[in-house]
Amino acid sequence: MTKLKAITFDLDDTLWDNHGVMARTEEGHYRWLLEALEAWRAARQEPALTLTQEGGREDYLQRRQQLAKEVPERRGDFTWLRMRALEAQLEAEGLTRSAALLWAAAAMNEFHRLRVQVTPHPEAAGLLAVLTERYQLAAITNGNIHLARQPLAAYFPVAIAAGELLAPKPDPTPFLTALARLNVAPEHAMHVGDSWQEDVLPAQQLGMHAVWISALENQPLPPRVHRIAHIKELPRVLEMLEKASLETHHSGGVYSH
Ligand SMILES: [Mg+2]
C-alpha cells in the first residue's frame, strides 16, 4: 500500500459527542434572544413580544426548513439559514428591518458562543498532538461550529466548513478542497468520521482510506475502509497500515533487485 501522508477528520460525533451541546445551543441562543429583546423593548416602552420560547422556536425551525427548500444550494449552510429565518421572524414580529438584522446577528453570535462549548473525547488532543508530528491534518465538517474557535482548532491548519462551501458531504468538493490545500493525493490520505454516507463512502470513492467510527460490528467493509468503535482506537489502524506499507515496500525492493 502507498504511504499515508494526511488524515482528515470529521468533527461532530467523531472528536466529541455533539448531541448535548447542540440541544443546549438550540435552546440557549433563542432564550437569550427573546429575553434580551424583551428587555430592550421594555426600556424603550415598546409593546411586549408576542413570540414565546416554544412557539417561536417552532416557527424558527419551520422558516429554516422552508428556506432550505426554496434555496436548495444553501441547505447545508446552517448559519445562513438561521440568520435569514430569524431576520424574517423578527420583521414579522414588527421590528424594523435594521433592528431585525441587528438582533438576528446578535442571536447568532450567542449561538456560536454556545456551539463551540463542545467537550472533546479525553483522548482526542493527545492523539492529534502525536499524529501532527507524522501526518498533515485537516478538519472537514458539515456542521456550523466556528472552526477557529473550536477547542481542537490548533491541530487543524486546514479546516473546511462544507456547508459554507455550498457543497456539504457527501459531495466530493470538501474532500478535494482539503486534499488540494494539503497538496496530497487521495491515495495518500485517510478520512475519519462517524457517518457511513457522508464520511466513509465519499472518501472511499475518491480513493482515500477511510475509518468509520461506529459500534456496528460485522458490517462488510469495502476496500480501504476500517471500522473502529472510538477515536482512541485509531492508532491501531494506523500501525496496521504502516506495517502493510513497509511490507509492500520491502517486497517491491526484492523484485527490483
Ligand atoms: Mg459527524
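Where in the chain is the place of R224? I start there, and the answer is that R224 sits in the loop between β5 and β6, in what I should say at once is a predicted model. R224 has a positive phi of about 70° although it is not a glycine, and with 18 other C-beta atoms within 10 Å it counts as partly exposed, because that number falls between the limit of 12 or fewer for exposed residues and the limit of 20 or more for buried ones.

The loop between β5 (209-213) and β6 (225-228) also holds N218, a residue other than glycine whose phi is positive as well, near 65°. N218 is exposed, because it has 6 other C-beta atoms within 10 Å. As background, most residues other than glycine have a negative phi, and most peptide bonds are trans. On the peptide side, K169 and P170 are joined by a cis bond, with omega at about 15°, and P170 belongs to the loop that runs between β3 (158-161) and α6 (173-182).

Let me now step back to the whole chain. There are eight helices and six strands in the protein chain, and their order along the sequence is β-α-α-α-α-α-β-β-α-β-α-β-β-α. The C-alpha trace spans about 90 × 35 × 35 Å along its principal axes, and of the 257 residues in the chain, 33% are buried. If we take the contacts with a separation of 6 or more, 57% of them are between residues 24 or more positions apart.

The domain assignment divides the chain into domain 1, made of 6-17 + 120-256, and domain 2, which is 19-115. Their centres, taken over C-alpha atoms, are separated by 34 Å, and the contact between the two takes ten residues from domain 1 and ten residues from domain 2. On the side of domain 1 that touches domain 2, the residues divide into four nonpolar, four polar and two charged.

Turning to the interior, the largest nonpolar core has 38 residues, and those with the most contacts inside it are A138, A139 and I160. Once its neighbours within four places in sequence are left aside, A139 is in contact with F9, L11, L147, F156, A159 and I160. There is also a second, separate core of 15 residues, which includes Y60, W80, L81 and A104.

Next comes a pair of helices, α1 (residues 19-43) and α4 (residues 97-115), which pack at an angle of about 145° with their axes 9 Å apart, in a crossing that is right-handed. From α1 the contact draws on V21, R24, T25, G28, H29, W32, L33 and L37, while α4 brings W103, A107, E110, F111, L114 and R115. Sorted by class, this contact has eight nonpolar, three polar and three charged residues.

I will finish with P72, which is found in the loop between α2 (53-70) and α3 (78-92). Is P72 buried or exposed? P72 counts as exposed, because it has 10 C-beta neighbours inside 10 Å, and the limit for that class is 12 or fewer. Between P72 and A100 there are 24 Å in space, C-alpha to C-alpha, and the two residues are 28 residues apart in sequence.

Methods:
Residues numbered from 1 in each chain as written. Predicted model: local features only at pLDDT ≥ 70, side-chain atom pairs only at ≥ 80, totals over all residues. Axes fitted to C-alpha atoms, helices over the stretch in contact; angles between N-to-C directions. Helix = DSSP H or I, 4+ residues; strand = E, 2+ residues; numbered from the N terminus. Left-handed = near helix turned anticlockwise from the far one by under 90°. Contact = placed C-beta atoms within 7 Å. Nonpolar A, V, L, I, M, F, W, Y, C, P; charged D, E, K, R; others polar. Core = buried A, V, L, I, M, F, W, Y, C linked by C-beta atoms within 7 Å. Domains from an automatic or database assignment.
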